[in-house]
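Subject: Structure handover

Hello,

Here is the structure for your files. My notes on it follow below.

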Amino acid sequence: MRFKEKVVIVTGAAGGIGGAISARFATEGAQVIVTDMDGEGAGATVSQIVADGGCARALVSDISTADGCHAIIQNVIATEGRIDVLCNNAGINRRGNLLSLTSDDWNLSFAVNVDSMFHLCQAVLPHMIEAGGGAIVNTASQWGLYPAPNHIAYNVTKAAVASFTQNLARDYAPNKIRVNAVCPGEIHTPMLEAGVTRAGRTIADLDKLVPFGRIGKPEEVAALVAFLASDEAAFMCGSLVEITGAQAVA
C-alpha cells in the first residue's frame, strides 16, 4: 500500500502499458485517474480496477491539445484536491523513414509524445510545489536512446522525452519533485501486436531476439513505474531506466 491516499494520474491508460500502470497503482492503494481519448477503453480499465477492489475513475481528454491537458489537471484538483503522481505514458508511433512520413504524422507525434508533457507538467508543477513535492514518471523508450531504423518520428520524440525528463528533474529537484523515465524495449501491447502483424512477423519471432528469451509484459513496466514513483526511490531523480531483457535495438 505504498500509495494509500495518494492521487495518481495516468495518461494513455485505456490499455497496454497504461492500463497495467493504472492497475498497479490501484492495487497499492492509490486513487487512480485513468485518462485517455478512448472513453470505452478507459472505462474498461476502471471497471477492472473496481472489480479488483481498487479506486479509479475515467477522465476522457485529448492530450494532443493544450486545453485537453490543462482540463485534466483542473478537473483532478477540483475533484480530488491534490495530485501526488503524474505518469506521462500516452504515446503514438507513426512508423517510417523521413520520406515516407507526412507533416501530420510528424506534428501529431510531437503533440502527443512531447507537447502533452510540457502542458501537463506546466499545469501540475505549481500544485506539487505547493504540496511540498511529488513524482512524475514519463514513458520514454529504448529507441529514444538507441534509435531503430524506419521509426524516425517515434525515436526523435522519445529522445525528447528522455531529455525533457532530465531537464525537468534538475530544475525541480530543489522543490522535492522527482522526475524519472522508464525506457522499455519490446513490450507485448496492442500497439506492438499491430506492428508485428503489419510486418508479417509473430510474437515468437520477437521473443527470439531477446537474450532473456521473451519480450516484456506491461505489468513488468508498471512495477518499475510504481517503484520510481514510490518513496523507495526517494533519491532517484533524472534517471532513465531501461527495461529490455538485455535486448539490443532491433
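**The sheet**

In this predicted model, seven strands make up an open sheet with parallel pairing, in the order β3-β2-β1-β4-β5-β6-β7. Its edges are β3 (55-60) and β7 (240-243), each of which pairs on one side only. From one strand to the next, the twist averages 20 degrees.

Strands β4 (residues 85-88) and β5 (residues 134-139) pair in the parallel sense over four bridges. Within this pair, asparagine 88 has asparagine 138 of β5 as its bridge partner. Helix α3 (residues 66-79) packs on the sheet, where it touches β1 (7-11), β2 (31-36) and β3. The direction of α3 makes about 145 degrees with that of β3.

**UniProt annotation**

An unreviewed UniProt entry lists residues 6-146 as "domain: Ketoreductase". In the model, that span is 51% helix and 19% strand, and its end C-alpha atoms lie 35 Å apart.

**Nonpolar cores**

In soluble globular proteins, nonpolar side chains tend to be buried together. The largest nonpolar core here has 30 residues, and Phe25 and Cys87 have the most contacts inside it. At least two residues of this core come from each of β1, α1 (16-27), β2, α2 (39-51), β4, β5 and α9 (218-229). Helix α9 gives the most, with seven residues.

Phenylalanine 25 is in contact with Phe3, Val8, Val10, Ala30, Val32, Val85, Cys87, Val225, Ala226 and Ala229, leaving aside neighbours within four places in sequence. Apart from the core of phenylalanine 25 lies another, of 29 residues, and among them are Val7, Met117, Val124 and Leu168.

**Asparagine 113**

Asparagine 113 lies in helix α4 (residues 103-131). Its relative accessibility is 2%, so asparagine 113 counts as buried, the cut-off being under 20%. The side chain of asparagine 113 makes a polar contact with the side chain of threonine 157, at 3.0 Å. Not counting residues up to four places away in sequence, asparagine 113 touches Ala90, Gly91, Ile92, Tyr154, Thr157, Lys158 and Val161.

**Isoleucine 152**

Isoleucine 152 is in helix α6 (residues 152-172). The relative accessible area of isoleucine 152 is 30%, and this residue is therefore partly exposed. Leucine 98 is 54 residues away along the chain, yet its C-alpha atom is separated from that of isoleucine 152 by 6.6 Å. Residues up to four places away in sequence aside, isoleucine 152 touches Gly96, Asn97, Leu98, Leu101 and Trp106.

**Positive phi values**

Two residues to look at in the backbone are glutamate 5 and asparagine 150. Glutamate 5, found in the segment before β1, has a phi near 65 degrees, a positive value in a residue other than glycine. With a relative accessible area of 66%, glutamate 5 is exposed.

Asparagine 150 is not a glycine either, and has a positive phi of about 65 degrees. Asparagine 150 sits in the loop between α5 (142-145) and α6. At 46% relative accessibility, asparagine 150 counts as partly exposed.

Regards

Conventions
Residues numbered from 1 in each chain as written. Predicted model: local features only at pLDDT ≥ 70, side-chain atom pairs only at ≥ 80, totals over all residues. Heavy atoms only, no water. UniProt positions renumbered as here; feature names shortened; annotations may be inferred. Pairing = 2+ DSSP bridges. Axes fitted to C-alpha atoms, helices over the stretch in contact; angles between N-to-C directions. Contact = heavy atoms within 4.5 Å. Core = buried A, V, L, I, M, F, W, Y, C linked by side-chain atoms within 4.5 Å. Buried < 20%, exposed > 50% of the residue type's maximum accessible area, 1.4 Å probe, protein only. Polar contact = N/O pair within 3.5 Å; in protein donor to acceptor, adjacent residues only side chain to side chain.
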